[in-house]
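Take a look at the model below. We will go through its helices, its sheets and the parts they build.

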Amino acid sequence: MRHLLGTEQLSREHTLAILDTAQEMAAVGEREIKKLPALRGRTVVNLFFEDSTRTRISFEAAAKRLSADVINFSAKGSSVSKGESLKDTAQTLQAMGADAVVIRHWASGAPARLATSGWIDAAVINAGDGTHAHPTQALLDAFTMRAHWSKLQGIPSVGADLSGMRVLIAGDVLHSRVARSNVWLLRTLGAHVTLVAPPTLLPVGVEHWPCEVTYDLDAALDKGVDAVMMLRVQAERMNASFFPSTREYARRWGFDDARLARLDALDLKDTIIMHPGPMNRGLEISSAAADSPRSTVLAQVRNGVSVRMAALYLLLSGDLRETPTTPSVKD
Ligand code: CP
């Protein structure tokens, strides 16, 4: 595997290789040694056509912790605003010696285009494209769930998958690349996924995804759940016809204080609450839920650095090319 473009085609072996390597990277980060020489002399370009806080900064931190040189490119303030194309932008950066290009783009498919066009030689990592995919977010979410799940099962994380784990992903599925990438990755790792959303915020064809789908958040919680992942309402990608009222959305699909209390009432003491960020507090998640001891929001951000170190290291060292690919094993 030369590029990391999505999770649908990511084999179980490659997934576990990235998660296990991320665990080693996290262990390094916990010690005094903050930097590894693994990518010394290599250049990582962060090519961002859409806004980002977590993903861009954590890729930068990850590359620097591996001793790579980092070039940060933001479309805002660049020659993209003068009409420069993706091809010319990418080739300009390649001419500066990029070994890896981390790309976020508003257009679904832009990272795949970059990877397959022959325009550049660098490894391409998708940092989120349109509503299509956000593979490193799904990997850091899986890393976070795996740490929690393996602790509950009393087994070491290395080698463990998420078999038997019940994951509920709730909210604006229609616009969510995070939901799409998580559904496929969690399927590969053996978790059982339920999507909960208003009917207008579910994509056409969702019935073919490897998960259950429902509109009723409370009924889904009542069935029992080990992780609840709330999705951001992506107001910038929708018009009013998609959306119930803000108040109705929060009441029916928000993880509010009442639903936080419901986890206790259902005796779901080990259930974690996740959110990829940025959060709309008071809409899809209440502050009490976001800041509760159950919340993994900041752990997800922390784990993102280790997972991105692993992805950069494995792609640039060529180690993922050696791993045999097999189809995902779980349906
Ligand atoms: N989760 C996520 O992708 O956040 P950013 O948009 O801040 O990168």
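A helix here is a DSSP run of H or I with at least four residues, numbered from the N terminus. By that rule, R54 is found in helix 2, which spans residues 54–65. Keep in mind that the model is predicted.

Start with the residue just named. UniProt, in an unreviewed entry, lists R54 under "binding site", together with T55, R104, H134, Q137, G277 and P278. Is R54 buried, partly exposed or exposed? Its C-beta atom has 16 C-beta neighbours inside 10 Å, so R54 counts as partly exposed. A residue needs 20 or more such neighbours to be buried, and 12 or fewer to be exposed. Beyond the residues up to four places away in sequence, R54 touches G277, V301 and G304. G277 is itself one of the listed positions.

P278 is on that list too. Its place is in the loop between strand 9 (272–274) and helix 10 (287–290). P278 counts as exposed, because it has 11 C-beta neighbours inside 10 Å. Which residues does P278 contact, leaving aside those within four places in sequence? They are T53 and R232.

Now step back to the whole chain. It is divided into two domains. Domain 1 takes residues 3–134 plus 301–317, and domain 2 takes 135–296. Taken over C-alpha atoms, their centres are separated by 25 Å. Across the boundary, 31 residues of domain 1 are in contact with 24 residues of domain 2. Which elements give two or more residues to the domain 1 side? They are helix 1 (12–30), strand 4 (123–129) and helix 11 (297–317). Helix 1 brings the largest share, seven residues. By type, this side of domain 1 divides into 12 nonpolar, 13 polar and six charged residues.

Next, the sheets. One is an open sheet of four strands, with the order 2-1-3-4 and parallel pairing. Its edge strands are strand 2 (69–74) and strand 4, and each pairs on one side only. Neighbouring strands of this sheet are turned by 15° against each other on average, direction ignored. Inside it, strand 1 (residues 43–48) runs parallel to strand 3 (residues 100–105), and five bridges join them. F48 stands opposite R104 in strand 3. R104 is another of the positions UniProt lists for "binding site". What lies across strand 1, strand 3 and strand 4? Helix 11 does, running at about 150° to strand 4. Helix 11 and strand 4 also give residues to the side of domain 1 that touches domain 2.

The other open sheet has five strands in the order 7-6-5-8-9, again with parallel pairing. Why is one side of strand 7 (212–214) and of strand 9 left without a neighbour in the sheet? Both stand at the edges, each with a single partner strand, so one side of each stays unpaired. From one strand to the next, the twist averages 20°. Strand 8 (residues 227–230) pairs with strand 9 in the parallel sense over three bridges. M229 has M274 in strand 9 as its bridge partner. Strand 9 also leads back to the listed positions: the loop between strand 9 and helix 10 holds P278.

Conventions:
Residues numbered from 1 in each chain as written. Predicted model: local features only at pLDDT ≥ 70, side-chain atom pairs only at ≥ 80, totals over all residues. Domains from an automatic or database assignment. Contact = placed C-beta atoms within 7 Å. Nonpolar A, V, L, I, M, F, W, Y, C, P; charged D, E, K, R; others polar. UniProt positions renumbered as here; feature names shortened; annotations may be inferred. Pairing = 2+ DSSP bridges. Axes fitted to C-alpha atoms, helices over the stretch in contact; angles between N-to-C directions.
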